[in-house]
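Work through the exercises below with the sequence and the structure open. Try each task before reading its solution.

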Amino acid sequence: MSTGKSSRLITILWAATFALAFGQLARPAAASARAALPSQAQAPDATTTGVTSTETVESVDIENDRDDSDMQSDGAQEKSERDQEKAEREQEKRERKQERAEEKRDREQERAERLEERYDDGREALDDGNYEKAREKFMELAKENGPQTDAALYWEAYAEQRLGHRQAALAAIADLKARFPQSRWQKDASALEIEVRQNTGQPSRPEALGDDELKMLAIQSLMNSNPDRAMPLLEKVLQGSATPKEKSKALFVLAQSGSPQGREIIGRIARGQSNPELQRKAMEYLGIFGGPDSRKIMAEIYASSTDASLKRSILRSYMIGGDREHLFAAAKNEKDLKLRGEAIRQLGLVGGQNELEQ
C-alpha cells in the first residue's frame, strides 16, 4: 500500500472513532438536557392538559359521591334492620305480657269457680240441716279470703249457733264486723248476734240500739223469748217517731205473734188510733193472720165507718184472709154501688161462685 492511501485510511478510522466517541458522550448530555427542560421536551400541549385534569377531577367526584351514597345506603339498611329487630322484640314482649295476663285470668276464673262451688256446697248443707258440714265448708271458704269471705263468716256463725257453739258463733260475727265494716251482711250479723246472746242468757236491750231496723230485729227476737217485755217496746215504736217502714214492721211482729195482747194493739190502730196509712196496714195484717177475732174487729169497723177508702181496704183484707162470708154480706147490703162492685170483684177472686150466683 502506498503511503498516501495509508494516510487516508488512518484519517478515516480516526474520524470514525472520534464520531463514535462523541456520540456516546452526547446521548447522556441530551438526556440530561431533556430532563432539565420538561416544559419543552416532555410537557403536553395546554388543551390536552386541561381536558385530562377536568376529567380526572370529575371522575374523583363521581367516585366520592358513589362512596357517600354507598355509605348512606349501608347506614339506612343497618338502621332499618335495627328498627325491625326492636319492633320484633317489642312484639314478643307484648305477646308474653298478654300470655301472662291470660294465664292470670284463667287462674282467677278457676279460683272463683272453686270458691263459688264451695259456697254452694255450704248453702246446700244448711238447707239440708247438715250444720256440721256447712260449718266446715264456710270455715274453709273464709280462710281463702275470696269475695265471699264476709258471707262465709256469717254462715259459719249461723251454723255454729245451730250446733250450739255460741262462743264460736260470736267469734265469727266479731271477725266479720272487724274485717268487713261496710259489708252488706253487717245487719244480718248484728241480728244473729242478738239471738246468740239471748240464747246464752246475756241481756238484750233493743231500745239501746241506734239503728231502727236492728232495733226491730232485736224486738222480734225478744218476742220469741220474752213477749211480755217485747209488747211494750212494740207499742212504743208504734206511738213514737219511728219511720213508717219500722211501724209497719212492728205491726207485722204483733200480728205474727197471734197473742191476744198483740191483736188488741192492732185493733186499736185499725179503729183509727193512728194515721190512715198505718190504719190500712193494720187492716191488711188482720186479714193476713185472720181468725174469728180479727174478722170481728174488721166487721165492726166496716159497719161503723163512712170512709170509702177504709172500707175498700177492709174488703181487700177480707179477700186476703179468704173471708167469703163478710164479702158476701157487703155485696148484698152495701149501699155504695162502687163498694158493692168491689165486694163482688173480691168475692170472685176468692172463688165465691155460689155466693155470686145468689
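**Exercise 1.** Find how arginine 295 and aspartate 323 meet, and state which parts of the chain the pair ties together.

Solution. Step 1: apply the rule for a salt bridge, a side-chain nitrogen of Lys or Arg within 4 Å of a carboxyl oxygen of Asp or Glu. The side chains of arginine 295 and aspartate 323 meet in such a bridge, at 4.0 Å from N to O. Step 2: locate both residues. Arginine 295 lies in helix α13 (residues 292-304) and aspartate 323 in the loop between α14 and α15 (324-333), so the pair ties together parts 28 residues apart in sequence. Helices here are DSSP runs of H or I with at least four residues, strands are runs of E with at least two, and both are numbered from the N terminus. Step 3: classify each partner. Buried means under 20% relative accessible area, exposed means over 50%, and partly exposed is in between (1.4 Å probe, protein chains only). Arginine 295 has 30% relative accessibility and therefore counts as partly exposed; aspartate 323 has 3%, so this residue is buried.

Two notes apply throughout. This is a predicted model, in which local features need pLDDT of at least 70 and side-chain atom pairs count only at pLDDT 80 or more, while totals for chains, interfaces and linings use all residues. Residues are numbered from 1 along each chain as its sequence is written, and side-chain values use heavy atoms, with hydrogens and water left out.

**Exercise 2.** Which residues do salt bridges with shared partners join to Arg118 in one network, and is arginine 118 buried or exposed?

Solution. Step 1: Arg118, Glu140 and Glu144 are joined into one network by salt bridges that share partners. Step 2: arginine 118 lies in helix α3 (residues 46-127). At 18% relative accessibility, arginine 118 counts as buried. Step 3: list the contacts, meaning heavy atoms within 4.5 Å. Leaving aside residues up to four places away in sequence, arginine 118 touches Lys137, Glu140, Leu141 and Glu144.

**Exercise 3.** Describe the salt bridges of aspartate 83 and arginine 179.

Solution. Step 1: aspartate 83 pairs with lysine 79, the closest N and O atoms being 3.1 Å apart. Both lie in helix α3, 4 residues apart, about one turn of the helix. Step 2: arginine 179 meets aspartate 175 at 3.3 Å, N to O. Both of these lie in helix α6 (residues 166-179), again 4 residues apart, about one turn. Step 3: check accessibility. Aspartate 83 is partly exposed at 40%, and lysine 79 is partly exposed at 45%. Arginine 179 is partly exposed at 37%, and aspartate 175 is partly exposed at 29%. The count for the model comes to 17 salt bridges.

**Exercise 4.** How many aromatic pairs are there, and why is the pair of tyrosine 119 and phenylalanine 138 given its class?

Solution. Step 1: rings of Phe, Tyr and Trp (its six-membered ring) pair if their centres lie within 6.5 Å; planes under 30 degrees apart count as stacked, over 60 as edge-to-face and the rest as tilted. The count is 7 aromatic pairs. Step 2: the ring centres of tyrosine 119 and phenylalanine 138 are 5.8 Å apart and the planes stand at 75°, so the pair is edge-to-face. Step 3: tyrosine 119 lies in helix α3 and phenylalanine 138 in helix α4 (residues 131-143), so the pair ties together parts 19 residues apart in sequence. Tyrosine 119 is buried at 15% relative accessibility, and phenylalanine 138 is buried at 0%.
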